[in-house]
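Me: I am new to this structure and would like to go through it step by step, with the reasoning spelled out. Could you show it first?

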Amino acid sequence: MPYILDNSPSQSDVSEAINYLLTNFSQGLTSNPNSGEVTGPSGIVVGYLYKYIAIKYADSQDGSVNFSNTPTDRLYYGIRNTNDSAESTNPTDYIWNLVTGGFGTTKFLWYSVTGGRQIQFAISTLSYNVGYVQEIGVSIDLDIITSSLTSDSFGTTFSPATLQVPYTNAPEFSGVISRLYGTNAYGNVDFVTSQTDSDGAFVNNTWRIGGSASTGYGSIVQSGITIGNPSDGGSYALWPVPTAMASNSATMAVPIRYKDNAGTIRQAALSTLQFVFNYSGKNSTICYALYDGNPTVTGSSITTSGTNVPSTTSFSPTSATAFTYAVQTPGPSQAMFQCDGIYDPVSNTTNWNTPYLSNLKVGQLSAITADLGTINAGIINGITINSTNINGGVIKFGTGTTPSGNAFEVNSAGVVWADNLFSKIIYADTGSAAFAPPISSISGSNHVGLLAAIAASGTGGVEAHALRGSNYIVGSAGLIGTANGYDFYAEGSGTNYGPFTGTHDSLVITGSNFVVGDIVIDQQIIEKNGISSTISLVATSTIANQPAALGVVCALPNSLSLAQPAVYIESVNLETYKNVMKPSYYTDILLYDLMPVNSVGEGQINVCGEGGTIQAGDLICTSSTSGKGMRQSDDLVHSYTVAKARETVTFTGSEIKQIACIYLCG
């Protein structure tokens with residue numbers, strides 16, 4: 001029988017394994033004080049003498065080739081059992097084991113500590129089974145049982161937990177999309193749309209909706225919201241756009257069933273999503289009524305509940321049709337009156353003013369010359385203005401972000417503001433006046449400040465650059481979105497870049513703690529996007545001369561949901577110019593934070609005295625002090641070289657200092 005069971009062992013396999021271990025543990029045990037191994041009668045290792053297990057990786061059976069702290073592309077893993085939590089960097093201290101097919105880039109070593117200083121290992125791309133933990137390059141404490149720390153917990157989360165529904169005179173559901181994720185101790189759990197099949201057909205490590213095997217979507221409780229059933233988004237349930245919302249706030253309560261790795265079906269707690277109206281302030285509204293003749297309407301303004309229209313008897317005269325939001329057509333001997341109101345969403349009331357004449361119906365109005373005086377609050381359609389000058393005018397159109405809250409505005413001094421300005425050619429000579437301000441665009445926090453784009457339908461000629469900036473005084477120039485395929489391209493004869501520091505995006509487990517200036521290493525590539533963009537999960541360096549060093553932390557982690565790294569961008573919507581993100585982005589924001597790491601150029605680094613005094617020009621590598629660099633033992637640039645020191649520093653004891661450097665991680 002196998003020493004390690006697979007993901008779905010039969011009852012016979014489990015029984016044989018238990019009987020085998022009970023037999024070996026009860027008699028015939030031998031121990032090796034040098035290796036720390038405790039073996040049974042058949043020579044299989046059943047436990048260890050000492051407290052800590054250290055794991056290393058290499059490409060030879062003695063560990064001398066490509067000795068490493070990470071498994072990527074390695075062929076062997078080595079085990080060392082001691083009472084010292086510090087890991088040895090000597091390959092001869094380890095017992096080496098060949099991995100069939102090698103680790104490659106997707107396999108990892110998993111382990112489960114089960115008590116009595118017993119440990120089981122497995123090689124797998126995903127978590128091997130309940131209670132297994134991925135080896136991450138630090139000593140394993142055999143006195144801590146992993147199964148109690150990584151129980152097959154399960155939870156569900158709506159993202160976001162509260163959905164804002166825009167509201168004017170009625171709810172607007174565009175973009176109101178609900179996602180419900182399921183996660184256990186190892187990450188996302190797949191959602192299954194087959195809601196009412198038998199418990200036996202319920203696949204392990206999946207979740208579905210319903211209070212039982214027969215209720216399914218029928219168990220969803222909706223309060224104040226009308227919305228259809230979800231579809232399968234992979235690792236989440238994706239609801240369609242709602243069609244109605246009767247109250248503020250509305251809720252949707254979803255009961256969940258989960259089948260774990262062991263095949264046990266468990267009822268999870270209700271997951272609740274709240275829908276809340278997002279009011280943008282008071283809103284104007286208009287209603288209409290038809291009057292006989294053309295009377296003068298009198299009466300005071302009135303307030304109604306919600307958006308209810310006023311009563312005909314609220315004003316004088318009362319001989320009119322009922323008020324309605326619909327625009328009506330006057331008949332013979334009738335005139336249409338208009339009543340303006342302001343709806344207040346906070347008090348849920350509308351204040352209606354006295355009605356006034358809105359529509360005058362005549363056969364034809366014709367005039368050679370008309371002195372119209374002042375025209376207020378009117379709409380003029382189909383008109384041509386023939387004039388060489390517009391003097392002293394203020395022009396305003398639409399609703400937007402100009403100083404007066406319009407989309408387009410020209411003030412009395414001739415200053416122009418415009419939202420959404422599109423043109424094939426824009427030429428502005430700002431050098432012809434004594435004071436020549438630049439063309440500028442100031443945007444709100446959630447909008448692009450200045451957008452220069454080449455349409456996808458263009459021919460792509462040599463001059464098809466999205467944006468070019470030049471300074472003819474010093475001869476500097478640069479391009480953004482160039483015709484030859486670069487994102488950024490310096491074409492000037494002067495100094496191209498400076499100050500120069502290159503930074504990588506990296507991911508860290510949500511809630512992890514890091515120190516600015518510390519060295520971090522690659523642990524696992526999480527996402528790729530084209531030939532030029534990848535992102536990895538990183539951890540603080542822990543041993544000397546780590547070749548997986550990525551660079552130096554330059555800022556503390558922040559929520560991945562607050563950024564859109566290039567590696568996650570699937571495309572750009574050419575109508576809104578907003579990024580369309582990969583589905584993996586919405587999964588990863590639940591697991592990781594984003595952290596920038598300096599890897600090339602100038603900067604600073606945290607160092608210690610493990611390698612002795614650091615002179616300006618010395619090379620720096622990782623040390624056994626967590627995150628800190630030290631003086632490299634030679635002056636050759638190696639795969640583990642992190643930086644070159646730019647100043648001299650001495651140390652007292654375990655003192656940590658931060659020095660200027662040139663990063664060499666690339």
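Me: How many bridges join strand β2 to β3, and in which sense do the two run?
Reply: Strands here are DSSP runs of E with at least two residues, helices are runs of H or I with at least four, and both are numbered from the N terminus. Two strands pair if DSSP finds at least two bridges between them. Strand β2, residues 37–39, meets that condition with β3, and the number of bridges joining these antiparallel strands is three.

Me: Before we go on, what kind of model is this, and which atoms do side-chain values use?
Reply: This is a predicted model, in which local features need pLDDT of at least 70 and side-chain atom pairs count only at pLDDT 80 or more, while totals for chains, interfaces and linings use all residues. Residues are numbered from 1 along each chain as its sequence is written, and side-chain values leave out hydrogens and water and use heavy atoms.

Me: Which residue of β3 stands opposite T39, and in what order do the strands of that open sheet lie?
Reply: The open sheet is formed by three strands with antiparallel pairing, in the order β1-β2-β3. Its edge strands, each pairing on one side only, are β1 (30–31) and β3. Within β3, the residue opposite T39 is V45.

Me: How many helices and strands are there in the protein, and what share of its residues is buried?
Reply: The protein has two helices and 45 strands. A residue counts as buried under 20% relative accessible area, as exposed over 50% and as partly exposed in between, using a 1.4 Å probe and protein chains only. Of the 666 residues in the protein, the buried share is 34%.

Me: What are the two parts that the salt bridge between D141 and K51 ties together, and how far apart are they in sequence?
Reply: A salt bridge is a side-chain nitrogen of Lys or Arg within 4 Å of a carboxyl oxygen of Asp or Glu, and D141 and K51 form one with their closest N and O atoms 3.7 Å apart. D141 lies in strand β10 (residues 140–141) and K51 in the loop between β3 (45–48) and β4 (52–58), so the pair ties together parts whose separation in sequence is 90 residues.

Me: Are E527 and K582 buried or exposed, and how many residues apart are the parts that they tie together?
Reply: The side chains of E527 and K582 meet in a salt bridge at 3.1 Å, N to O. E527 belongs to strand β35 (residues 519–528), whereas K582 lies in the loop between β40 (579–581) and α2 (583–588), so the pair ties together parts that are 55 residues apart in sequence. As for their exposure, both E527 and K582 are buried.

Me: How many disulfides does the structure hold, and which cysteine sulfur is nearest to that of C339?
Reply: A disulfide is a pair of cysteine sulfur atoms within 2.5 Å, and the number in this structure is zero. C339 is in no disulfide, and the nearest cysteine sulfur, 4.4 Å away, is that of C287.

Me: Is S68 buried or exposed, and which residues is S68 in contact with?
Reply: S68 lies in the loop between β4 and β5 (76–82). At 8% relative accessibility, S68 counts as buried. Contact means heavy atoms within 4.5 Å, and, leaving aside neighbours within four places in sequence, the residues in contact with S68 are K56, Y57 and R74.

Me: Which residue of β45 is the bridge partner of V600, and which one stands opposite K644?
Reply: Strand β41 (residues 592–607) pairs with strand β45 (residues 657–664) in the antiparallel sense over eight bridges. Strand β44 (residues 641–645) also pairs with β45 in the antiparallel sense, over three bridges. In β45, the bridge partner of V600 is L664, and the residue opposite K644 is I662.

Me: How many residues has the largest nonpolar core, and which strand supplies the largest share?
Reply: A nonpolar core is a set of buried Ala, Val, Leu, Ile, Met, Phe, Trp, Tyr and Cys residues joined through side-chain atoms within 4.5 Å. The largest one has 29 residues, and those with the most contacts inside it are W207, I209, W239, M252, V254 and F275. Several strands each supply at least two residues of this core, among them β11 (154–158), β15 (206–209) and β22 (265–279). The largest share, five residues, comes from β21.
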